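This report describes selected local features of one protein chain. The sequence and coordinates are shown below.

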Amino acid sequence: MARINEQERLLQLTQRERELWANGIMAAGMDEVGRGPLAGPVVTCCVILPPEPLIEGVNDSKKVTALRRSKLAPIIEAQAVGIGYGWGSNEEIDESNILNATKKAFCEAYYNMKIACSDVLIDAVKGLDIPARQHPIIHGDALSYLIGAASIAAKVKRDEYMIKMAELYPQYGFERNKGYGTAEHIAAIKKYGPCPIHRKSFLCNILTE
């Protein structure tokens, strides 16, 4: 099977966006990064990008290398009509659960754009308390250009934070695992106990083993 070129891939990725753009709607894409880790925040991004030029390489952040993400994120921010980030801290995750903390962070990202937006494309989550029509898309980060861009920007922002936390808490290897439950990370938790950015509600099984 012939591999499609980048422009054809971007045309496929913007199918939902082009339906909105054709009706004069400048929609935003929203995504989160960090729902699964044992430590650190969940980070969200809400971004409005213009129909042209499309940014080559935008995709689901999990399909993009760390080096490529680091180059794409500033391009996304520079081209954005509006962009905002939201954070759900490990304390908020422990207090209200990961879903509620993520929804709060999504709302924060929307309002931090500081620009009116009537429609948002969002990766799966529903029922946000924002004044915009919400278009949830299952696996949206892989199927939507705007959601993919949001996922890249949020991933870079969160990774930068976790690398800084690695300087404060070097024993956990946060610069490598970004807070996810790798064997190295779990072994460090068992040896040293949790640090202030660990999600205590995620560690019950680990700490009782």
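In this predicted model, the side chains of strand β4 alternate: Asp119, Leu121 and Asp123 point one way, while Val120 and Ile122 point the other way. Each of these residues is buried, that is, under 20% relative accessible area. Strand β4 spans residues 119-123, and five of its five residues are buried, so the strand counts as buried on the basis of that cut-off of under 20%.

Strand β4 pairs with β1 and with β5, as the table sets out.

| Strand pair | Bridges | Direction | Example of facing residues |
|---|---|---|---|
| β1 and β4 | three | parallel | Ala28 and Val120 |
| β4 and β5 (133-137) | five | parallel | Ile122 and Pro136 |

The two example residues in β4, Val120 and Ile122, point to the side opposite that of Asp119, Leu121 and Asp123. Val120 is the bridge partner of Ala28, and Ile122 stands opposite Pro136 of β5.

Strand β1 also takes part in the largest pocket. Which elements give two or more residues to the lining of this pocket? They are β1 (28-33) and α7 (145-168). The largest share, three residues, comes from β1. The pocket holds about 180 Å³ of space and is lined by 15 residues. Nearest its centre lie Glu32, Val33, Gly34, Lys62 and Tyr180. By class, nine of the lining residues are charged, four are polar and two are nonpolar.

The remaining feature is helix α9, residues 183-192. Which of its residues are buried? His185, Ala188 and Ile189 are buried. Seen down the axis of α9, the buried residues fall within an arc of 100 degrees, so they line one face of the helix. On the other side of α9, Ala183 and Lys191 are exposed, that is, over 50% relative accessible area. What do the buried residues of α9 pack against? Their partners are α8 (174-177) and α10 (204-208). After α9 comes Gly193, with a positive phi near 80 degrees.

In short, β4 is a mostly covered strand joined in parallel to β1 by three bridges and to β5 by five. The largest pocket has β1 as the source of the largest share of its lining, and its lining includes nine charged residues. Helix α9 has one face lined by buried residues, and these pack against α8 and α10.

Methods: Residues numbered from 1 in each chain as written. Predicted model: local features only at pLDDT ≥ 70, side-chain atom pairs only at ≥ 80, totals over all residues. Heavy atoms only, no water. Buried < 20%, exposed > 50% of the residue type's maximum accessible area, 1.4 Å probe, protein only. Helix = DSSP H or I, 4+ residues; strand = E, 2+ residues; numbered from the N terminus. Arc of directions from axis to C-beta. Contact = heavy atoms within 4.5 Å. 1 Å grid on protein atoms, 1.4 Å probe; cavity = no way out; pocket = protein on both sides within 12 Å on 5 of 7 lines; lining within 4 Å. Points joined across faces, edges and corners; volume = space filled by probe spheres on them. Nonpolar A, V, L, I, M, F, W, Y, C, P; charged D, E, K, R; others polar. Pairing = 2+ DSSP bridges.
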